[in-house]
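Please read the following walk through two sheets and a group of charged side chains. Keep the sequence and the 3D view at hand.

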Amino acid sequence: MRRVTSGRAAAVAVVAGISIAHAAAPPPPAVSVVVVHKQKVYQETSYIGRIQATQIVNLVPRVTGYLEQRLFHQGGDVKKGQLLYVIEPGPYQAAFDQANAAVSSAEATLANARITLGRSQALLHTPAGQRSTLDNDRATEQSDAANVASAKAQRETAAINLSYTQIRAPINGRIGPTNINIGNVVSPTTGTLATVVSQNPINVTFSMPARDALKLRQEYAKQGGLDAVELQLRLPDGRMDKQTGTLDFTSNQISQTTDSLAMQGTIANPVIPGLGKAKVNNRELTSGEFVTVVVRAKHPVEQIVLPRDAVLSDQLGDYVLTLDAQNKVVRTSIKLGQTTPATATVASGLALGAKVIVDGIEKVHPGIVVKPDVVKSPVAQG
């Protein structure tokens, strides 16, 4: 009886141990997954660029004299034709008046010469007329006509010099600081008084690697070439400019030092709403500013998009962790398209409908069974 009792006790102990072992087994780890599907993605690439005004004009005096007036606010906007500086006009006004009087005198002399010539022509076939007198009067008339033309040219020169005493804005734009104060003598050798920089529209210049340029040409050849892309700018503080630009120039030579192609785009640069009558920093873009140029397709293509953190890499390349029909983790190799800090597009390697682990990756490895929770796919960036 003792042996039987002992055997039953041992059997009960074994069953109890198995039950405890089953009770202690951890549940499958919980992970978040997305179901692979395609969505519309705008292809884009980014390059470092610099903002450049379409026009930059240095204001240089063209006559010598005292600088009498400065008629603008430094750093403010100016309109084409607006009077900016006045150089003492007195001496140049006097020179013009003198030249104008010389024209009047020459014209009077010419008028008298023509009367004399007409009289000589009338008397030529009379006893009082002589051929030599007619020839002399004709030569005098021609000489006086030349004097009138010369006097008018001198008057024109005087008028031009007088106009140079007023320096006007040659373009619409923003004017910088004045380099010469009122009361100083200025001349053509003085240098730049101030600089006017156009504001709207404005250019952005950047260099694109030759490889990217060839790819761009091939991808968009059937969509209108350069017309198939648009430009967006990421500002130094990380914000995206609200305006959209066009790519309108490519260099005719590839740089031998950088193997890149210089490009230029044009983008609007309007006054920022809500700044009232602010005279400075009232536009988003400033000539000379560094920006990130995003060359973006106008028309989207359908691609698979995943969170960037879901893509892993090792010596064999890029891969993701997917689930099979039994929710077992599987390593799946992929090839990436364009990426951003938040998302990655998959060029190949994933089938539509596949489940990709996007959260809880650190808790799993290929071969184990997990408990999936389907979440919403990320939205493509761009």
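Does aspartate 77 count as buried or as partly exposed? The model is a predicted one, and in it the relative accessibility of aspartate 77 is 39%. Aspartate 77 therefore counts as partly exposed, since that class lies between the limits of 20% and 50%.

The surroundings of this residue come next. Aspartate 77 lies in strand S6, which covers residues 77-78 and is an edge strand, paired on one side only. The sheet in question is open and has 4 strands in the order S4-S11-S9-S6, with antiparallel pairing. At its other edge is strand S4, residues 56-59. Strands of a sheet pair through backbone hydrogen bonds, either parallel or antiparallel. Here, 2 bridges join S6 to strand S9, residues 173-175, and the two strands run antiparallel. One residue of S9, arginine 174, is the bridge partner of aspartate 77.

These two residues also meet through their side chains, in a salt bridge with an N to O distance of 3.4 Å. Along the chain they are 97 residues apart, so the salt bridge links distant parts of the chain, strand S6 and strand S9. Arginine 174 counts as buried because its relative accessibility is 16%, which is under the 20% limit.

Aspartate 77 has another salt bridge, with arginine 283, where the closest N and O atoms are 3.9 Å apart. Arginine 283 sits in the loop between strand S15 (260-267) and strand S16 (290-297), and 206 residues separate this arginine from aspartate 77. Its relative accessible area is 16%, so arginine 283 is buried. Salt bridges with shared partners thus join Asp77, Arg174 and Arg283 into one network.

How many salt bridges does a search of the whole structure find? The search finds 7. Among them is the one between arginine 239 and aspartate 237, at 2.7 Å from N to O. Arginine 239 counts as partly exposed because its relative accessibility is 40%.

Another sheet can be followed in the view. This open sheet has 4 strands in the order S2-S17-S22-S21, with antiparallel pairing. Its edge strands, each paired on one side only, are S2 (38-41) and S21 (335-339). On average, neighbouring strands of this sheet are turned by 55° against each other, direction ignored. S21 is joined by 3 bridges to strand S22, residues 343-348, and the two run antiparallel. In S22, alanine 344 is the bridge partner of threonine 339.

Methods
Residues are numbered from 1 along each chain as its sequence is written. This is a predicted model: local features need pLDDT of at least 70, side-chain atom pairs count only at pLDDT 80 or more; totals for chains, interfaces and linings use all residues. Side-chain values use heavy atoms; hydrogens and water are left out. Two strands pair if DSSP finds at least two bridges between them. Axes are lines fitted to C-alpha atoms, for helices over the stretch in contact, and angles run from 0 to 180 degrees between N-to-C directions. A salt bridge is a side-chain nitrogen of Lys or Arg within 4 Å of a carboxyl oxygen of Asp or Glu. Buried means under 20% relative accessible area, exposed over 50%, partly exposed in between (1.4 Å probe, protein chains only).
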